[in-house]
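Colleague: Please take a close look at one part of this model for me, the protein surface that faces the DNA. I would like a connected account that a first-year student can follow.

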Amino acid sequence: MSPLPLHRAVLDWYAEAQRDLPWRRPECSPWGVFVSEVMLQQTPVVRVLPVWQEWMHRWPTPAALAAEPSGEAVRAWGRLGYPRRALRLHAAATAMAERHGGDVPASVVDLQALPGVGVYTAAAVAAFAFGDRVAVVDTNVRRVHARAVSGVEHAAPALTRAESDLAAELLPEDPDVARVWNVAVMELGALVCTARGPRCDDCPVLTTCAWVAAGRPAYDGPPRRGQAWAGTDRQVRGRLLQVLRESDTPVPAARLEQVWDQEIQRERCLDGLVSDGLVEPLADGTYRLPGG
DNA sequence: CAGGCGTGGGT
DNA sequence: TACCCAAGCCT
């Protein structure tokens with residue numbers, strides 16, 4: 001699409017307001033972009049930053065990570081959450097070493113074939129690491145489009161065809177402009193057009209925003225999915241894995257029993273971690289992060 | 001496809 | 001204080 005006032009306003013705003021993030025710098029490798037995108041799946045930037053720096057120093061290439069046991073990736077993941085991502089990142093690095101000459105693949109199709117890479121991450125890596133003119137649609141972009149264009153407070157629970165079509169329509173034709181547009185809309189959603197308490201006073205598209213024009217009507221769609229936590233298996237898994245992360249030596253079962261007193265649930269969670277490949281049971285009855 | 005999957009900071 | 005939710009993915 002040819003540039004609209006909407007584009008100009010967002011691009012000008014981004015030029016002035018963008019954060020200086022290491023994975024956005026021109027010297028950042030595709031591998032650096034790839035690692036950042038996986039870490040940023042459901043985890044805020046401020047918590048990703050130090051861990052990303054550590055990973056880049058320790059594993060500057062896919063081959064470097066692939067050469068280590070997957071458990072080291074899980075340990076170095078620290079408390080970013082959703083630790084299966086660490087396992088998938090290690091598996092992706094292995095695939096790159098074995099099938100892609102040690103490089104991050106450049107095409108959306110090859111990227112999405114990697115473990116832990118879905119529609120969003122494949123588009124993000126293709127666009128940010130390789131300059132592809134492809135629409136990058138994450139939760140920030142969906143929210144900005146929902147408000148500025150569709151006039152509703154929140155996007156649908158899941159990505160719809162209409163949203164993908166809209167994002168493709170809004171993507172500038174000039175590849176150089178499209179590249180900046182993708183990150184600029186994301187940044188607008190992250191800094192100004194936030195899920196709660198949007199800073200409309202600071203918004204570059206305030207005067208053309210459909211949601212503002214409609215009087216900022218409250219969300220009127222299907223109930224949005226919450227995430228239970230207290231007492232769930234996720235909490236138990238988190239506690240079990242924390243013990244293993246923090247131990248340099250295999251942990252006796254008795255020590256794992258201390259983190260949760262309900263045996264049925266605790267055993268179910270430990271078994272789940274083992275079948276997920278996040279925990280390795282040893283022959284002597286102890287447990288550790290996977291050593292292979 | 002609805003639900004499972006970590007963690008910690010903001011409102 | 002209790003939620004809410006953060007650059008999703010997988011089954």
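Modeller: A residue counts as near a strand if one of its heavy atoms lies within 4 Å of that strand. The model is predicted. With that cut-off, 20 residues surround DNA strand B. Arg 79, Pro 83, Arg 234, Arg 237 and Gly 238 are the closest of them. Sorted by class, the surface near DNA strand B has 11 charged, five polar and four nonpolar residues.

The strand itself can be described in a similar way. Of the atoms of DNA strand B within 4 Å of the protein, 56% are part of sugar or phosphate, and the rest are part of bases. Individual polar contacts involve both kinds of atom. On the base side, a polar side-chain atom of Arg 225 is 3.2 Å from a base nitrogen of DNA strand B, and a polar side-chain atom of Gln 227 is 3.4 Å from a base nitrogen of that strand. On the backbone side, Arg 245 places a polar side-chain atom 3.4 Å from a phosphate oxygen of DNA strand B. Two elements, helix 6 (84-99) and helix 13 (233-245), give two or more residues each to this surface. Helix 13 gives the most, with five residues.

Now for the other strand. DNA strand C is surrounded by 28 residues, and the closest are Leu 40, Thr 121, Asp 138, Asn 140 and Ala 195. Sugar and phosphate make up 66% of the atoms of DNA strand C that come within 4 Å of the protein. The surface near DNA strand C divides into 12 nonpolar, eight polar and eight charged residues. Helix 8 (119-130), helix 9 (139-150) and helix 11 (175-191) supply at least two residues each to the surface near DNA strand C.

Three polar contacts with DNA strand C can be picked out. An N or O atom in the side chain of Glu 37 is 3.3 Å from a base nitrogen of DNA strand C. An N or O atom in the side chain of Gln 42 is 3.2 Å from a phosphate oxygen of the strand. Gly 116 uses its backbone instead: a backbone N or O atom of Gly 116 lies 2.8 Å from a phosphate oxygen of DNA strand C.

Finally, the domains. The domain assignment of chain A lists domain 1 (19-130) and domain 2 (233-288). Their centres, taken over C-alpha atoms, are 26 Å apart. Eight residues from domain 1 and 10 residues from domain 2 make the contact between them.

How values were computed: Residues are numbered from 1 along each chain as its sequence is written. Chains are lettered from A and ligands numbered from 1 in the order in which they are written. This is a predicted model: local features need pLDDT of at least 70, side-chain atom pairs count only at pLDDT 80 or more; totals for chains, interfaces and linings use all residues. Side-chain values use heavy atoms; hydrogens and water are left out. A polar contact is a pair of N or O atoms within 3.5 Å; within protein, one must be able to donate a hydrogen and the other to accept it, and residues adjacent in sequence count only if both atoms are side-chain atoms. Helices (H or I, at least four residues) and strands (E, at least two) are DSSP runs, numbered from the N terminus. Ala, Val, Leu, Ile, Met, Phe, Trp, Tyr, Cys and Pro count as nonpolar, Asp, Glu, Lys and Arg as charged, and the others, Gly among them, as polar. Domain bounds come from an automatic or database domain assignment. Contact means heavy atoms within 4.5 Å.
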